[in-house]
Amino acid sequence: MDVIVSHVNADFDCLGGLVGGRRLYPGAEMVLPGGESGPVARFLSLHRNALTFRRPTEIDPETITRVVVVDTTFRRRLGPAAAWLDLPEVEVHLYDHHLDAPGDIAAREAHLEPWGSVSAIIAHCLRARAITPTPIEATTLLLGIYEDTGSLSYAGTRPEDLEAAAWLLRCGADL
């Protein structure tokens, strides 16, 4: 089984990474390892039927074959899900935009870009593979981009963030 996990106290960029990651890894379980921010919790309460997440206690570690980590390169930020990285024969894939300090997660496949959000990285991966997100998925990815780029105004915002946002709007994201 594939699991997609992000850091504890998930923000919208984590959420976008998880939701977009699920499209890249069909059938994967999206796991929130330990809480979410207030705005994310409110958003999820409105969209529980469309976006299904699991807690680490709901996952049988013996069934995990791949761990996809989004929005962090530090295992300590994964809460109880960090132990999954040490399971025998588990493949790790990593998606992140925080490149200021090297992390401690060893990955077989890494998508690391100095962009404003991990949601933009994943949106570009989806677009490259001709995978169109649903409107709620596109909205969630766009929320991630907007949160981590200050609605595309922070100095760390890159052209790729804007390109991803425009594509997500074309896919039906709701502003």
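The dialogue below goes through one helix and some salt bridges of a predicted model.

Me: What should I know about the model and its numbering before I begin?
Reply: Because this is a predicted model, local features need pLDDT of at least 70 and side-chain atom pairs count only at pLDDT 80 or more, while totals for chains, interfaces and linings use all residues. Residues are numbered from 1 along each chain as its sequence is written, and side-chain values use heavy atoms, with hydrogens and water left out.

Me: How many residues of α1 are buried?
Reply: Buried means under 20% relative accessible area, exposed over 50%, and partly exposed in between (1.4 Å probe, protein chains only). In helix α1, residues 12-24, 11 of the 13 residues are buried, so the helix is largely enclosed by the rest of the structure; among them are F12, L18 and L24. Helices (H or I, at least four residues) and strands (E, at least two) are DSSP runs, numbered from the N terminus.

Me: Which residue forms a salt bridge with D2?
Reply: Side chains of opposite charge can pair when their charged atoms come close. A salt bridge is a side-chain nitrogen of Lys or Arg within 4 Å of a carboxyl oxygen of Asp or Glu. Here R66 pairs with D2, their closest N and O atoms being 2.9 Å apart, and this links strand β3 with strand β1 across 64 residues. D2 is buried, at 13% relative accessible area, whereas R66 is partly exposed, at 22%.

Me: Which residues are linked with R66 in a network of salt bridges?
Reply: The network links D2, R66, E91 and R108, and within it E91 forms a salt bridge with R66 at 3.6 Å between the closest N and O atoms.

Notes:
The expected span of a helix is 1.5 Å times one less than its number of residues.
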